[in-house]
Amino acid sequence: MSNNSSSEKNKIVFNGKELKLETLSGSVGPSVVDIRSLYSNLGIFTYDPGYGSTGSCESAITYIDGEKGVLLHRGYPIDQLANKSSFLEVAYLLLNGELPKKPEKDEFENAITFHTMVHEQLINFYRGFRRDAHPMAIMVGVVGALSAFYPDSTNINDPYERLVSSRRLIAKIPTIAAMAYKYSLGQPFNYPQNNLSYAENFLHMCFSVPAEKYNINPIIANAMDKILILHADHEQNASTSTVRISGSSGANPFACIAAGIASLWGPAHGGANEAVLKMLSEIGTVDRIGEFVGKAKDKNDPFRLFGFGHRVYKNYDPRAAVMRVSCHEVLELLGVKNDPLLEIAMELEKIALNDEYFIEKKLYPNVDFYSGIILKAMGFPTDMFTVLFAVARTVGWVAQWNEMITDPVQRIGRPRQLYTGEIKRDFVNLDKR
Ligand code: CMC
(Lines give C-alpha, C1' and ligand atoms only; values in the text may rest on other atoms or scores of the structure.)
Protein backbone atom coordinates (compact mmCIF):
# COMPACT_ATOMS: atom_id res chain seq x y z
CA MET A 1 0.00 0.00 0.00
CA SER A 2 1.07 3.61 -0.51
CA ASN A 3 2.72 5.83 2.08
CA ASN A 4 -0.60 7.23 3.21
CA SER A 5 -2.11 3.85 3.95
CA SER A 6 -2.73 2.30 7.36
CA SER A 7 -4.10 -1.09 8.38
CA GLU A 8 -5.98 -2.92 11.17
CA LYS A 9 -7.22 -6.52 11.58
CA ASN A 10 -10.82 -7.74 11.62
CA LYS A 11 -11.90 -11.31 12.00
CA ILE A 12 -14.15 -13.46 9.86
CA VAL A 13 -15.58 -16.77 11.13
CA PHE A 14 -16.66 -19.46 8.65
CA ASN A 15 -17.67 -23.03 9.57
CA GLY A 16 -16.18 -22.49 13.02
CA LYS A 17 -12.80 -21.51 11.58
CA GLU A 18 -11.52 -18.02 12.33
CA LEU A 19 -9.36 -15.82 10.13
CA LYS A 20 -8.02 -12.36 10.88
CA LEU A 21 -8.18 -10.14 7.81
CA GLU A 22 -6.35 -6.87 7.49
CA THR A 23 -8.34 -3.76 6.61
CA LEU A 24 -6.26 -1.37 4.54
CA SER A 25 -6.94 2.33 4.24
CA GLY A 26 -5.79 4.47 1.36
CA SER A 27 -5.33 8.24 1.48
CA VAL A 28 -9.09 8.87 1.10
CA GLY A 29 -12.19 6.78 0.34
CA PRO A 30 -13.59 3.53 1.74
CA SER A 31 -11.16 1.06 3.35
CA VAL A 32 -10.64 -2.35 1.77
CA VAL A 33 -10.57 -5.76 3.44
CA ASP A 34 -7.52 -7.70 2.28
CA ILE A 35 -8.99 -11.10 1.42
CA ARG A 36 -5.94 -12.55 -0.33
CA SER A 37 -5.56 -15.30 2.27
CA LEU A 38 -9.28 -16.13 2.42
CA TYR A 39 -9.31 -19.13 0.08
CA SER A 40 -6.07 -20.67 1.31
CA ASN A 41 -7.25 -20.42 4.95
CA LEU A 42 -11.02 -20.91 4.83
CA GLY A 43 -11.51 -22.54 1.41
CA ILE A 44 -14.11 -19.98 0.26
CA PHE A 45 -14.26 -17.41 -2.52
CA THR A 46 -16.06 -14.06 -2.50
CA TYR A 47 -18.97 -13.48 -4.89
CA ASP A 48 -19.35 -10.02 -6.43
CA PRO A 49 -20.72 -9.98 -10.02
CA GLY A 50 -20.05 -6.55 -11.52
CA TYR A 51 -17.37 -6.01 -8.84
CA GLY A 52 -19.47 -3.40 -6.99
CA SER A 53 -17.67 -4.16 -3.70
CA THR A 54 -14.30 -5.22 -5.05
CA GLY A 55 -11.09 -3.21 -5.13
CA SER A 56 -9.08 -4.88 -7.88
CA CYS A 57 -5.82 -2.98 -7.39
CA GLU A 58 -4.00 -0.21 -5.59
CA SER A 59 -3.90 3.00 -7.60
CA ALA A 60 -2.73 6.58 -7.08
CA ILE A 61 -4.05 8.01 -10.35
CA THR A 62 -7.75 8.87 -10.07
CA TYR A 63 -10.14 9.21 -7.15
CA ILE A 64 -13.94 9.26 -7.40
CA ASP A 65 -16.41 9.95 -4.61
CA GLY A 66 -19.65 8.95 -6.26
CA GLU A 67 -21.85 10.12 -3.39
CA LYS A 68 -20.42 13.63 -3.44
CA GLY A 69 -19.84 13.83 -7.21
CA VAL A 70 -16.06 14.27 -6.88
CA LEU A 71 -13.48 13.32 -9.51
CA LEU A 72 -9.79 13.98 -8.85
CA HIS A 73 -6.83 13.23 -11.11
CA ARG A 74 -3.67 12.93 -8.99
CA GLY A 75 -5.58 15.05 -6.45
CA TYR A 76 -6.65 17.84 -8.82
CA PRO A 77 -10.43 18.37 -9.27
CA ILE A 78 -11.64 17.66 -12.80
CA ASP A 79 -13.35 21.06 -13.19
CA GLN A 80 -10.06 22.87 -12.43
CA LEU A 81 -8.20 20.71 -14.93
CA ALA A 82 -10.89 21.15 -17.59
CA ASN A 83 -10.98 24.92 -17.16
CA LYS A 84 -7.31 25.70 -16.51
CA SER A 85 -5.21 22.98 -18.12
CA SER A 86 -4.77 21.37 -21.53
CA PHE A 87 -5.18 17.76 -22.60
CA LEU A 88 -1.46 17.06 -22.96
CA GLU A 89 -0.73 18.64 -19.58
CA VAL A 90 -3.40 16.39 -18.02
CA ALA A 91 -1.87 13.45 -19.89
CA TYR A 92 1.52 14.25 -18.35
CA LEU A 93 -0.11 14.54 -14.92
CA LEU A 94 -1.87 11.18 -15.23
CA LEU A 95 1.29 9.46 -16.42
CA ASN A 96 3.78 11.07 -14.04
CA GLY A 97 1.83 12.06 -10.94
CA GLU A 98 2.69 15.77 -10.97
CA LEU A 99 1.90 18.74 -13.18
CA PRO A 100 4.89 19.33 -15.47
CA LYS A 101 7.31 22.21 -15.03
CA LYS A 102 7.94 24.22 -18.21
CA PRO A 103 10.90 22.13 -19.56
CA GLU A 104 9.04 18.87 -18.77
CA LYS A 105 5.90 20.16 -20.49
CA ASP A 106 7.91 21.21 -23.56
CA GLU A 107 9.73 17.87 -23.75
CA PHE A 108 6.52 15.85 -23.38
CA GLU A 109 4.51 17.89 -25.89
CA ASN A 110 7.40 17.73 -28.33
CA ALA A 111 7.72 13.94 -27.93
CA ILE A 112 3.98 13.39 -28.47
CA THR A 113 3.86 15.77 -31.42
CA PHE A 114 6.78 14.05 -33.15
CA HIS A 115 5.24 10.58 -32.83
CA THR A 116 1.89 11.44 -34.44
CA MET A 117 2.64 9.98 -37.87
CA VAL A 118 1.86 6.30 -38.40
CA HIS A 119 3.87 3.75 -40.39
CA GLU A 120 2.97 4.30 -44.04
CA GLN A 121 2.33 0.58 -44.42
CA LEU A 122 -0.56 0.93 -41.96
CA ILE A 123 -2.58 2.64 -44.71
CA ASN A 124 -2.82 -0.71 -46.53
CA PHE A 125 -4.32 -2.20 -43.44
CA TYR A 126 -7.26 0.26 -43.64
CA ARG A 127 -7.93 -0.74 -47.23
CA GLY A 128 -8.86 -4.22 -46.02
CA PHE A 129 -11.94 -2.87 -44.25
CA ARG A 130 -15.31 -2.33 -45.88
CA ARG A 131 -16.09 1.37 -46.44
CA ASP A 132 -19.15 1.08 -44.19
CA ALA A 133 -17.21 -0.56 -41.33
CA HIS A 134 -17.99 0.95 -37.94
CA PRO A 135 -14.96 3.11 -37.02
CA MET A 136 -14.76 1.37 -33.61
CA ALA A 137 -14.32 -1.94 -35.45
CA ILE A 138 -11.46 -0.34 -37.38
CA MET A 139 -9.98 1.03 -34.14
CA VAL A 140 -9.97 -2.39 -32.48
CA GLY A 141 -8.25 -3.90 -35.52
CA VAL A 142 -5.71 -1.17 -36.27
CA VAL A 143 -4.66 -0.54 -32.65
CA GLY A 144 -4.34 -4.28 -32.10
CA ALA A 145 -2.12 -4.43 -35.19
CA LEU A 146 0.25 -1.72 -33.91
CA SER A 147 2.41 -4.32 -32.20
CA ALA A 148 3.10 -5.74 -35.65
CA PHE A 149 4.25 -2.32 -36.85
CA TYR A 150 6.20 -1.30 -33.72
CA PRO A 151 7.68 -4.54 -32.31
CA ASP A 152 10.66 -2.54 -31.00
CA SER A 153 8.52 -1.18 -28.15
CA THR A 154 6.69 -4.30 -26.98
CA ASN A 155 9.07 -5.56 -24.30
CA ILE A 156 7.07 -4.77 -21.18
CA ASN A 157 10.05 -5.45 -18.90
CA ASP A 158 12.13 -2.66 -20.44
CA PRO A 159 11.25 0.78 -18.99
CA TYR A 160 12.47 2.58 -22.12
CA GLU A 161 10.31 0.43 -24.42
CA ARG A 162 7.35 1.04 -22.10
CA LEU A 163 7.95 4.80 -22.36
CA VAL A 164 8.17 4.64 -26.15
CA SER A 165 5.04 2.48 -26.57
CA SER A 166 3.11 4.73 -24.15
CA ARG A 167 4.05 7.84 -26.10
CA ARG A 168 3.41 6.16 -29.44
CA LEU A 169 -0.08 5.15 -28.34
CA ILE A 170 -1.03 8.63 -27.07
CA ALA A 171 0.50 10.33 -30.11
CA LYS A 172 -0.87 8.02 -32.81
CA ILE A 173 -4.39 7.36 -31.55
CA PRO A 174 -5.85 10.63 -32.97
CA THR A 175 -4.19 9.90 -36.32
CA ILE A 176 -5.61 6.37 -36.36
CA ALA A 177 -9.07 7.65 -35.35
CA ALA A 178 -9.10 10.41 -37.97
CA MET A 179 -7.99 7.90 -40.63
CA ALA A 180 -10.90 5.61 -39.67
CA TYR A 181 -13.24 8.56 -40.22
CA LYS A 182 -11.68 9.62 -43.52
CA TYR A 183 -11.79 6.04 -44.77
CA SER A 184 -15.53 5.86 -44.12
CA LEU A 185 -16.02 9.08 -46.11
CA GLY A 186 -13.84 7.92 -48.98
CA GLN A 187 -11.64 11.02 -48.51
CA PRO A 188 -7.83 11.05 -48.51
CA PHE A 189 -6.07 10.67 -45.18
CA ASN A 190 -4.55 13.84 -43.73
CA TYR A 191 -1.06 13.76 -42.28
CA PRO A 192 -0.71 15.32 -38.82
CA GLN A 193 0.62 18.89 -38.58
CA ASN A 194 3.20 19.55 -35.91
CA ASN A 195 2.40 23.25 -35.51
CA LEU A 196 -1.06 22.44 -34.13
CA SER A 197 -2.15 21.48 -30.60
CA TYR A 198 -3.36 17.93 -29.94
CA ALA A 199 -7.04 18.93 -30.24
CA GLU A 200 -6.46 21.22 -33.23
CA ASN A 201 -4.46 18.56 -35.03
CA PHE A 202 -7.23 16.01 -34.49
CA LEU A 203 -9.84 18.42 -35.91
CA HIS A 204 -7.55 19.14 -38.86
CA MET A 205 -7.02 15.42 -39.59
CA CYS A 206 -10.81 14.80 -39.39
CA PHE A 207 -12.23 17.81 -41.19
CA SER A 208 -9.58 19.18 -43.52
CA VAL A 209 -9.62 18.26 -47.23
CA PRO A 210 -6.73 18.87 -49.67
CA ALA A 211 -8.93 20.93 -51.97
CA GLU A 212 -9.30 23.87 -49.59
CA LYS A 213 -7.78 25.54 -46.55
CA TYR A 214 -9.26 24.43 -43.24
CA ASN A 215 -9.58 27.12 -40.60
CA ILE A 216 -9.76 25.78 -37.08
CA ASN A 217 -12.42 27.50 -35.00
CA PRO A 218 -10.79 28.24 -31.61
CA ILE A 219 -14.10 27.67 -29.80
CA ILE A 220 -14.40 24.22 -31.29
CA ALA A 221 -10.73 23.44 -30.58
CA ASN A 222 -11.19 24.53 -26.96
CA ALA A 223 -14.35 22.42 -26.60
CA MET A 224 -12.54 19.44 -28.14
CA ASP A 225 -9.66 19.85 -25.69
CA LYS A 226 -12.19 19.88 -22.81
CA ILE A 227 -13.93 16.75 -24.12
CA LEU A 228 -10.55 15.02 -24.22
CA ILE A 229 -9.68 16.11 -20.66
CA LEU A 230 -13.09 15.05 -19.30
CA HIS A 231 -12.74 11.57 -20.78
CA ALA A 232 -9.06 11.03 -20.00
CA ASP A 233 -9.39 8.65 -17.05
CA HIS A 234 -12.03 7.29 -14.68
CA GLU A 235 -10.29 4.78 -12.38
CA GLN A 236 -11.22 1.08 -12.62
CA ASN A 237 -14.14 1.21 -15.12
CA ALA A 238 -14.87 -1.69 -17.50
CA SER A 239 -12.39 -0.76 -20.24
CA THR A 240 -9.59 0.19 -17.82
CA SER A 241 -10.07 -3.04 -15.92
CA THR A 242 -9.96 -4.83 -19.27
CA VAL A 243 -6.65 -3.15 -20.10
CA ARG A 244 -5.24 -4.07 -16.69
CA ILE A 245 -6.41 -7.68 -16.81
CA SER A 246 -5.11 -8.09 -20.39
CA GLY A 247 -1.78 -6.59 -19.34
CA SER A 248 -1.58 -8.76 -16.23
CA SER A 249 -0.73 -11.74 -18.42
CA GLY A 250 2.24 -9.88 -19.88
CA ALA A 251 0.53 -8.98 -23.18
CA ASN A 252 2.09 -6.03 -25.02
CA PRO A 253 0.59 -2.55 -24.50
CA PHE A 254 -0.81 -2.20 -28.04
CA ALA A 255 -2.80 -5.43 -27.63
CA CYS A 256 -3.99 -4.30 -24.19
CA ILE A 257 -5.24 -0.93 -25.43
CA ALA A 258 -7.06 -2.70 -28.30
CA ALA A 259 -8.81 -4.82 -25.65
CA GLY A 260 -9.77 -1.61 -23.82
CA ILE A 261 -11.23 -0.17 -27.02
CA ALA A 262 -13.33 -3.32 -27.50
CA SER A 263 -14.73 -2.99 -23.98
CA LEU A 264 -15.39 0.72 -24.36
CA TRP A 265 -17.51 0.08 -27.45
CA GLY A 266 -20.47 -1.31 -25.47
CA PRO A 267 -23.55 0.94 -25.04
CA ALA A 268 -23.44 0.69 -21.23
CA HIS A 269 -19.94 2.22 -21.33
CA GLY A 270 -18.38 4.44 -24.02
CA GLY A 271 -20.96 3.47 -26.61
CA ALA A 272 -23.54 5.44 -24.62
CA ASN A 273 -22.77 8.75 -26.37
CA GLU A 274 -23.67 7.17 -29.70
CA ALA A 275 -26.69 5.49 -28.13
CA VAL A 276 -27.88 8.88 -26.81
CA LEU A 277 -28.10 10.33 -30.29
CA LYS A 278 -29.78 7.19 -31.66
CA MET A 279 -32.30 7.43 -28.82
CA LEU A 280 -32.96 11.11 -29.57
CA SER A 281 -33.64 10.22 -33.22
CA GLU A 282 -35.98 7.47 -32.12
CA ILE A 283 -37.87 9.89 -29.85
CA GLY A 284 -38.15 12.10 -32.93
CA THR A 285 -40.26 14.96 -31.56
CA VAL A 286 -40.49 16.80 -28.24
CA ASP A 287 -44.09 15.64 -27.68
CA ARG A 288 -42.92 11.98 -27.57
CA ILE A 289 -40.44 12.51 -24.71
CA GLY A 290 -43.08 11.62 -22.09
CA GLU A 291 -43.68 8.27 -23.79
CA PHE A 292 -39.96 7.38 -23.65
CA VAL A 293 -39.55 8.59 -20.07
CA GLY A 294 -42.53 6.34 -19.25
CA LYS A 295 -40.80 3.37 -20.96
CA ALA A 296 -37.61 4.03 -18.97
CA LYS A 297 -39.61 3.98 -15.73
CA ASP A 298 -41.55 0.82 -16.61
CA LYS A 299 -40.09 -2.17 -14.72
CA ASN A 300 -41.32 -4.54 -17.45
CA ASP A 301 -39.62 -2.62 -20.23
CA PRO A 302 -35.84 -3.08 -20.65
CA PHE A 303 -35.53 0.37 -22.24
CA ARG A 304 -33.21 2.83 -20.46
CA LEU A 305 -32.60 6.47 -21.13
CA PHE A 306 -29.06 6.51 -22.50
CA GLY A 307 -26.89 9.24 -21.04
CA PHE A 308 -28.53 8.95 -17.62
CA GLY A 309 -27.27 7.14 -14.53
CA HIS A 310 -23.85 5.91 -13.50
CA ARG A 311 -22.51 2.95 -11.53
CA VAL A 312 -20.41 5.15 -9.26
CA TYR A 313 -21.97 8.62 -9.34
CA LYS A 314 -25.09 8.82 -7.24
CA ASN A 315 -24.86 12.57 -7.40
CA TYR A 316 -24.27 14.81 -10.42
CA ASP A 317 -21.45 13.48 -12.64
CA PRO A 318 -18.81 16.25 -12.20
CA ARG A 319 -17.71 15.75 -15.80
CA ALA A 320 -21.28 16.32 -16.97
CA ALA A 321 -21.38 19.60 -15.02
CA VAL A 322 -18.39 20.95 -17.01
CA MET A 323 -19.64 19.42 -20.24
CA ARG A 324 -23.09 20.93 -19.80
CA VAL A 325 -21.64 24.45 -19.67
CA SER A 326 -19.36 23.73 -22.63
CA CYS A 327 -22.28 22.20 -24.54
CA HIS A 328 -24.51 25.24 -24.10
CA GLU A 329 -21.55 27.54 -25.02
CA VAL A 330 -20.76 25.62 -28.21
CA LEU A 331 -24.39 25.49 -29.31
CA GLU A 332 -24.78 29.21 -28.64
CA LEU A 333 -21.54 30.17 -30.38
CA LEU A 334 -22.18 27.96 -33.41
CA GLY A 335 -25.66 29.36 -33.60
CA VAL A 336 -27.18 25.87 -33.42
CA LYS A 337 -30.76 26.64 -32.52
CA ASN A 338 -33.03 24.78 -34.82
CA ASP A 339 -31.64 21.27 -34.68
CA PRO A 340 -34.58 19.03 -33.71
CA LEU A 341 -32.39 16.44 -31.94
CA LEU A 342 -30.73 19.09 -29.82
CA GLU A 343 -34.12 20.55 -28.99
CA ILE A 344 -35.28 17.10 -27.81
CA ALA A 345 -32.07 16.67 -25.78
CA MET A 346 -32.51 19.96 -23.95
CA GLU A 347 -36.18 19.21 -23.20
CA LEU A 348 -35.37 15.65 -22.07
CA GLU A 349 -32.69 17.00 -19.73
CA LYS A 350 -35.26 19.35 -18.16
CA ILE A 351 -37.93 16.66 -17.80
CA ALA A 352 -35.62 14.00 -16.35
CA LEU A 353 -34.02 16.39 -13.87
CA ASN A 354 -37.47 17.14 -12.44
CA ASP A 355 -38.95 13.63 -12.59
CA GLU A 356 -39.54 11.87 -9.25
CA TYR A 357 -38.24 8.48 -10.57
CA PHE A 358 -34.93 9.96 -11.74
CA ILE A 359 -34.53 12.10 -8.62
CA GLU A 360 -35.25 9.20 -6.27
CA LYS A 361 -32.87 6.81 -8.11
CA LYS A 362 -30.26 9.58 -8.39
CA LEU A 363 -30.15 9.24 -12.16
CA TYR A 364 -28.51 12.40 -13.44
CA PRO A 365 -27.35 13.10 -16.97
CA ASN A 366 -23.84 11.66 -17.35
CA VAL A 367 -20.89 12.89 -19.41
CA ASP A 368 -22.06 10.98 -22.47
CA PHE A 369 -25.37 12.80 -22.60
CA TYR A 370 -23.69 16.13 -23.33
CA SER A 371 -20.63 14.91 -25.23
CA GLY A 372 -22.83 13.36 -27.92
CA ILE A 373 -24.68 16.64 -28.35
CA ILE A 374 -21.47 18.72 -28.64
CA LEU A 375 -19.88 16.26 -31.04
CA LYS A 376 -22.93 16.34 -33.25
CA ALA A 377 -22.86 20.14 -33.28
CA MET A 378 -19.18 20.00 -34.25
CA GLY A 379 -20.06 17.89 -37.27
CA PHE A 380 -19.00 14.40 -36.15
CA PRO A 381 -21.28 11.56 -37.25
CA THR A 382 -22.69 9.46 -34.37
CA ASP A 383 -20.53 6.42 -35.08
CA MET A 384 -17.41 8.53 -34.39
CA PHE A 385 -18.51 9.52 -30.87
CA THR A 386 -17.13 6.46 -29.08
CA VAL A 387 -13.96 6.73 -31.16
CA LEU A 388 -13.39 10.17 -29.63
CA PHE A 389 -13.89 8.70 -26.19
CA ALA A 390 -11.25 6.08 -27.06
CA VAL A 391 -8.81 8.77 -28.21
CA ALA A 392 -9.10 10.55 -24.85
CA ARG A 393 -9.20 7.43 -22.66
CA THR A 394 -6.02 6.02 -24.23
CA VAL A 395 -4.08 8.30 -21.87
CA GLY A 396 -5.87 6.84 -18.83
CA TRP A 397 -5.44 3.27 -20.08
CA VAL A 398 -1.73 3.84 -20.69
CA ALA A 399 -1.23 5.45 -17.25
CA GLN A 400 -3.10 2.61 -15.53
CA TRP A 401 -1.25 -0.04 -17.53
CA ASN A 402 2.12 1.46 -16.55
CA GLU A 403 1.05 1.63 -12.90
CA MET A 404 0.04 -2.03 -13.02
CA ILE A 405 3.26 -3.21 -14.69
CA THR A 406 5.38 -1.49 -12.04
CA ASP A 407 3.20 -2.63 -9.09
CA PRO A 408 5.23 -5.23 -7.13
CA VAL A 409 2.08 -7.07 -5.94
CA GLN A 410 0.66 -7.40 -9.46
CA ARG A 411 -0.19 -10.96 -10.53
CA ILE A 412 -2.13 -12.36 -13.47
CA GLY A 413 -5.83 -11.45 -13.08
CA ARG A 414 -7.63 -14.71 -12.56
CA PRO A 415 -11.04 -14.54 -10.80
CA ARG A 416 -12.79 -17.68 -9.55
CA GLN A 417 -16.49 -18.57 -9.81
CA LEU A 418 -19.55 -19.97 -8.11
CA TYR A 419 -20.04 -23.15 -10.16
CA THR A 420 -23.69 -24.16 -10.65
CA GLY A 421 -23.33 -26.60 -13.55
CA GLU A 422 -23.57 -30.39 -13.63
CA ILE A 423 -21.34 -32.31 -11.28
CA LYS A 424 -19.16 -35.16 -12.55
CA ARG A 425 -21.02 -37.66 -14.75
CA ASP A 426 -19.98 -40.33 -17.25
CA PHE A 427 -19.92 -39.74 -20.99
CA VAL A 428 -22.94 -41.17 -22.84
CA ASN A 429 -22.40 -42.57 -26.35
CA LEU A 430 -24.42 -40.98 -29.16
CA ASP A 431 -26.77 -43.97 -29.66
CA LYS A 432 -27.68 -43.95 -25.93
CA ARG A 433 -28.61 -40.23 -25.57
N1 CMC B 1 -32.85 4.89 -17.38
C2 CMC B 1 -33.81 4.39 -16.59
N3 CMC B 1 -33.58 3.73 -15.45
C4 CMC B 1 -32.31 3.55 -15.09
C5 CMC B 1 -31.22 4.03 -15.86
C6 CMC B 1 -31.55 4.75 -17.04
N7 CMC B 1 -30.57 5.23 -17.82
N8 CMC B 1 -30.06 3.73 -15.27
C9 CMC B 1 -30.37 3.05 -14.17
N10 CMC B 1 -31.75 2.95 -14.04
C11 CMC B 1 -32.47 2.34 -12.93
C12 CMC B 1 -32.42 0.83 -13.02
O13 CMC B 1 -33.52 0.30 -13.72
C14 CMC B 1 -32.43 0.43 -11.56
O15 CMC B 1 -33.76 0.52 -11.10
P16 CMC B 1 -34.29 -0.52 -9.95
O17 CMC B 1 -33.43 -0.24 -8.75
O18 CMC B 1 -35.70 -0.14 -9.79
O19 CMC B 1 -34.06 -1.90 -10.50
C20 CMC B 1 -31.64 1.54 -10.87
O21 CMC B 1 -31.78 2.70 -11.73
C22 CMC B 1 -30.15 1.24 -10.68
O23 CMC B 1 -29.63 0.80 -11.92
P24 CMC B 1 -28.48 -0.29 -12.09
O25 CMC B 1 -28.63 -0.96 -13.41
O26 CMC B 1 -28.39 -1.14 -10.87
O27 CMC B 1 -27.20 0.62 -12.12
P28 CMC B 1 -25.78 0.19 -12.64
O29 CMC B 1 -24.83 0.84 -11.74
O30 CMC B 1 -25.64 -1.28 -12.80
O31 CMC B 1 -25.73 0.80 -14.11
C32 CMC B 1 -25.36 2.27 -15.91
C33 CMC B 1 -25.10 1.99 -14.43
C34 CMC B 1 -24.51 3.46 -16.36
C35 CMC B 1 -24.91 1.06 -16.74
C36 CMC B 1 -26.86 2.54 -16.10
O37 CMC B 1 -27.24 3.69 -15.37
C38 CMC B 1 -27.22 2.70 -17.57
O39 CMC B 1 -27.45 1.69 -18.25
N40 CMC B 1 -27.28 3.97 -18.10
C41 CMC B 1 -27.50 4.19 -19.49
C42 CMC B 1 -26.20 3.97 -20.26
C43 CMC B 1 -25.23 5.11 -20.08
O44 CMC B 1 -25.59 6.29 -20.19
N45 CMC B 1 -23.93 4.77 -19.85
C46 CMC B 1 -22.85 5.74 -19.74
C47 CMC B 1 -22.21 5.79 -18.39
S48 CMC B 1 -21.14 7.23 -18.20
C49 CMC B 1 -19.82 6.96 -19.26
C50 CMC B 1 -18.96 5.79 -18.91
O51 CMC B 1 -18.43 5.75 -17.79
O52 CMC B 1 -18.78 4.94 -19.78
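**Ligand shell and a buried isoleucine**

In this predicted model, a polar side-chain atom of Lys 361 lies 2.8 Å from an oxygen atom of the ligand.

Me: What makes the pair between Lys 361 and the ligand a polar contact?
Reply: The cut-off is 3.5 Å between N or O atoms. The polar atom of Lys 361 is 2.8 Å from a ligand oxygen, so the pair counts.

Me: How do you know that His 269 makes a polar contact with the ligand?
Reply: A side-chain N or O atom of His 269 sits 2.7 Å from a ligand oxygen. That is within 3.5 Å, so the pair qualifies.

Me: What makes the Tyr 357 pair count?
Reply: Here the ligand supplies a nitrogen atom, 3.1 Å from a side-chain N or O atom of Tyr 357. The limit is 3.5 Å, so this is a polar contact too.

Me: How much of the ligand does the protein cover?
Reply: On its own, the ligand has 950 Å² of accessible area, and the protein covers 76% of that.

Me: Which residues surround the ligand most closely?
Reply: The shell has 20 residues, and the closest are His 269, Lys 299, Arg 304, Leu 305 and Lys 361. By type, the shell holds nine nonpolar, six polar and five charged residues.

Me: Why is Ile 138 called buried?
Reply: Buried means under 20% relative accessible area. Ile 138 has 0%, so the word applies. Ile 138 belongs to helix H6, residues 135–149.

Me: What does Ile 138 touch beyond its neighbours within four places in sequence?
Reply: Its contacts there are Tyr 126, Phe 129, Ala 133, Ala 180 and Tyr 183. Tyr 183 is 45 residues away in sequence, with 9.8 Å between the C-alpha atoms.

Methods: Residues numbered from 1 in each chain as written. Predicted model: local features only at pLDDT ≥ 70, side-chain atom pairs only at ≥ 80, totals over all residues. Heavy atoms only, no water. Near = heavy atom within 4 Å. Polar contact = N/O pair within 3.5 Å; in protein donor to acceptor, adjacent residues only side chain to side chain. Areas by Shrake-Rupley, 256 points an atom, 1.4 Å probe, with all protein chains shown as cover. Nonpolar A, V, L, I, M, F, W, Y, C, P; charged D, E, K, R; others polar. Helix = DSSP H or I, 4+ residues; strand = E, 2+ residues; numbered from the N terminus. Buried < 20%, exposed > 50% of the residue type's maximum accessible area, 1.4 Å probe, protein only. Contact = heavy atoms within 4.5 Å.
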